[in-house]
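Please keep the model open while you go through this note. The points run from the whole chain down to single residues.

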Amino acid sequence: MSSKNETLANKILENVGGKDNIVSSTHCATRLRLVLKRSLPDAKKNVSNIDGVVTVVENNGQFQIVIGNNVGDVYKEFETLIGESEGNNTAESENKGSILNRVIATMSAVFAPFIYILAAAGILQGLLIILKLLFPVFKHTGTYDVFNFISWAPFTFLPIFIAITAARHFNVNIYIAVACSAALVSPDLTGIVNKISDGGTVRLIGIPLSETMYTSSVLPPLVLVWLLSYVEKYLNRWIHDVVKPLFTPFFSIVIMVPFTLLVIGPITTLVAHGIAGGFNYLVDVAPWLAGTLIGGFWQVFVIFGVHWGITPVILANFEQHHSDSFQAFQTIAVIAQMGSVIGVIIKSKIIDVKRVASSAAVTGIFGITEPSMYGINLRFKKPFIIACISGAIGAFVASFFSPKYYAYAGLPGPITVINGYSSSNPTSIWGILIGSAIAIILPIVLIQIFGYGDDTTQEVENDANVNNNQKNQSLQETLETTVFSPMNGVLIPLSDVNDPIFSQEMMGKGIAIKSEQNTVHSPIKGTISMVTPTKHAIGITSDDGIEILIHIGLDTVKLNGEGYELLVQENDKVDVGIPLINFDNATITKQGFDIITPLIITNSDEFSDIIPTKKSNVVEKESILTIIKK
């Protein structure tokens with residue numbers, strides 16, 4: 001088994017650009033989540049085609065590889081390959097994306113590593129609820145007291161879990177982060193807050209402390225570690241190496257803990273409670289709307305990887321109210337996906353489809369829906385739509401019973417329905433049960449009536465057509481090669497270039513670019529075959545034999561290298577997008593030279609055709625030439 005996982009990890013690493021292209025790596029229930037320095041044009045397609053990979057999702061600045069239940073084992077092999085230091089690479093990623101995407105990616109990286117711990121604690125809480133229901137006297141035993149505090153311990157000390165994972169994500173010293181967060185959950189701080197709650201006043205450097213509690217909190221430790229990453233870098237830069245191991249932790253703690261107590265904590269707690277309060281208000285005034293939206297669209301959030309962003313809201317509800325309605329509706333959405341998969345199992349006559357669907361249905365019991373979605377429901381499309389509609393209907397019906405979870409469920413699924421029981425709200429469990437029953441039965445019935453996309457009467461024929469199409473596509477890919485743009489700019493036909501050597505295609509066919517950048521990047525994967533002493537031109541030979549000349553400017557050999565900076569050497573291996581030459585556009589044009597850059601296929605005669613794109617404006621790494629092989 002380990003050799004299989006090692007092979008899979010090796011293939012993934014090879015196709016995402018090697019360990020030097022990895023900024024950070026983590027995993028969740030079914031996905032290996034990577035942050036890459038640069039995006040490779042064919043990485044998504046190549047990784048998706050690896051045996052053992054379900055699909056690839058690129059979103060929120062992450063390259064998310066859906067593997068399945070064995071993702072943890074593959075992750076261990078992957079971490080071994082890239083090395084621990086590589087996994088926490090401090091290099092900046094070129095794929096940062098929007099602020100929202102980075103926030104969501106951070107939530108994923110922080111919560112994914114310990115979500116199973118919270119799920120296990122939630123199951124224990126659910127079992128205690130059942131035992132109290134069956135044996136009321138059990139609540140008054142020492143056994144109940146012990147297991148009860150065990151089940152709540154991960155939530156009480158949640159800031160420490162967050163400190164560990166956030167420290168890895170932000171490349172902070174883990175022990176400094178833990179020390180700061182441990183101070184937030186110290187029993188002594190709890191005593192101070194209780195004193196303030198009783199009407200007393202406690203001042204820190206003359207400023208009154210708020211009565212904010214940090215046990216079970218999410219945003220305060222997360223923001224603390226994020227800001228600590230900047231403080232720690234600053235301290236490491238200015239403190240002498242001899243005393244750095246002592247004084248970096250010292251100043252980090254005495255700066256960050258008070259700052260969190262006075263500023264970060266009160267503000268972030270107010271934000272988390274405000275968002276949770278907004279959702280709770282919607283539940284109070286229009287529970288049917290809240291249920292319909294979550295039941296219908298929750299799995300859409302999962303597709304784009306943004307579902308981690310709701311975790312602080314759920315935890316804020318448990319911190320404030322010891323209950324949460326979001327997860328009750330969320331469970332119904334999850335069960336609907338499982339219901340669709342069961343419907344496909346019953347409807348399909350194809351053994352392979354039944355096998356994949358059966359495996360996905362098992363993981364769905366524990367609330368892990370990626371195998372269901374990517375293996376079956378999204379593959380055939382119709383089951384996913386049916387599941388979303390069924391989830392919306394189930395949650396709509398459940399909303400009239402005031403459904404809530406009274407114990408945290410890290411991975412919502414049928415197994416966590418027990419967390420909806422409370423003697424003070426007896427209709428809650430009935431709402432969740434009825435909504436769940438609708439969510440699992442309705443998609444099964446609808447799929448039997450309407451089919452699941454590739455209907456059973458056409459499945460064999462369709463599968464044959466798919467195989468033939470894949471073969472034709474594979475053959476086409478072997479006969480074609482794409483050359484990508486080395487820069488942003490305006491495309492110009494070679495015939496319009498003011499130099500007969502290029503315009504009359506004496507050196508070969510190609511295209512020219514009027515650059516909007518000051519850097520030339522590699523347009524193809526290959527080897528640097530030639531560099532002129534004056535640095536104004538460079539040659540690359542691709543791995544499949546295409547010889548490319550990039551000539552920056554016309555007649556610029558006369559500059560003798562002025563305004564050019566060479567970034568690679570002859571015989572260097574390069575990939576698409578690797579910077580090759582920097583040039584000073586202003587300096588070159590000021591001296592009267594045309595900065596237009598021809599890109600020539602110097603061995604054009606060896607190919608059947610060279611087809612330029614019809615676009616007039618391109619960006620770096622966008623396709624500009626298609627090479628048709630003989």
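The numbered points below describe a predicted model.

1. Overall make-up. The chain has 22 helices and 20 strands. Of its 630 residues, 49% count as buried. The accessible surface comes to about 28800 Å². Carbon and sulfur atoms account for 60% of that area.

2. Contacts across the sequence. Take the contacts between residues at least 6 apart in sequence. Of these, 73% join residues at least 24 apart.

3. Annotated spans. An unreviewed UniProt entry places the feature "transmembrane region" at residues 110-134, 146-166, 172-193, 213-231, 251-276, 288-308, 383-402 and 429-450. Two of these spans can be set against the model. Residues 429-450 are 100% helix and 0% strand. Their end C-alpha atoms are 32 Å apart. Residues 213-231 are 68% helix and 0% strand, and the end C-alpha atoms of that span lie 24 Å apart.

4. A nonpolar surface patch. V242, V243, L246, F247, F250, F251, I253, V254 and I255 form a nonpolar patch on the surface. Together they offer about 760 Å² of accessible area. One of them, F250, sits in helix α12, residues 244-285. Is F250 buried or exposed? F250 is partly exposed, because its relative accessible area is 42%, while buried means under 20% and exposed means over 50%.

5. Strand β2 and its neighbors. β2 spans residues 31-36, and 6 of its 6 residues are buried. R31, R33 and V35 point one way from the strand. L32, L34 and L36 point the other way. That fits the general pattern: in a regular strand, side chains alternate between the two faces of the sheet. Strand β1 (residues 22-27) runs antiparallel to β2, joined by 5 bridges. In that pairing, S25 has L34 of β2 as its bridge partner. Strand β4 (residues 62-66) is also antiparallel to β2, with 4 bridges between them. Here L32 is partnered by I65 of β4.

6. An open sheet. What is the strand order in the open sheet of 8 strands? The order is β15-β11-β12-β13-β17-β9-β8-β19, with antiparallel pairing. β15 (573-574) and β19 (617-618) are the edge strands, and each pairs on one side only. At the β15 edge, β11 (residues 526-531) pairs with β15 in the antiparallel sense over 2 bridges. T527 has K573 of β15 as its bridge partner. As background, strands of a sheet pair through backbone hydrogen bonds.

7. Helix α14. This helix covers residues 311-321 and is mostly covered, with 8 of its 11 residues buried. The buried residues are T311, P312, V313, I314, L315, A316, N317 and F318. H322 follows the helix and has a positive phi, near 60°.

8. Two asparagines with positive phi. N171 has phi near 60°, a positive value in a residue other than glycine. N171 lies in the loop between α8 (158-170) and α9 (174-184). Its relative accessibility is 29%, so N171 counts as partly exposed. N560 has phi near 55°, also positive in a residue other than glycine. N560 belongs to the loop between β13 (547-551) and β14 (564-566). What is the relative accessible area of N560? The value is 64%, so N560 is exposed; the cut-off for exposed is over 50%.

How values were computed
Residues numbered from 1 in each chain as written. Predicted model: local features only at pLDDT ≥ 70, side-chain atom pairs only at ≥ 80, totals over all residues. Heavy atoms only, no water. UniProt positions renumbered as here; feature names shortened; annotations may be inferred. Pairing = 2+ DSSP bridges. Buried < 20%, exposed > 50% of the residue type's maximum accessible area, 1.4 Å probe, protein only. Contact = heavy atoms within 4.5 Å. Areas by Shrake-Rupley, 256 points an atom, 1.4 Å probe, with all protein chains shown as cover. Patch = residues over 30% accessible without salt bridge, like charges linked within 9 Å, V, L, I, M, F, W, Y side chains within 5 Å. Salt bridge = Lys/Arg side-chain N within 4 Å of Asp/Glu carboxyl O.
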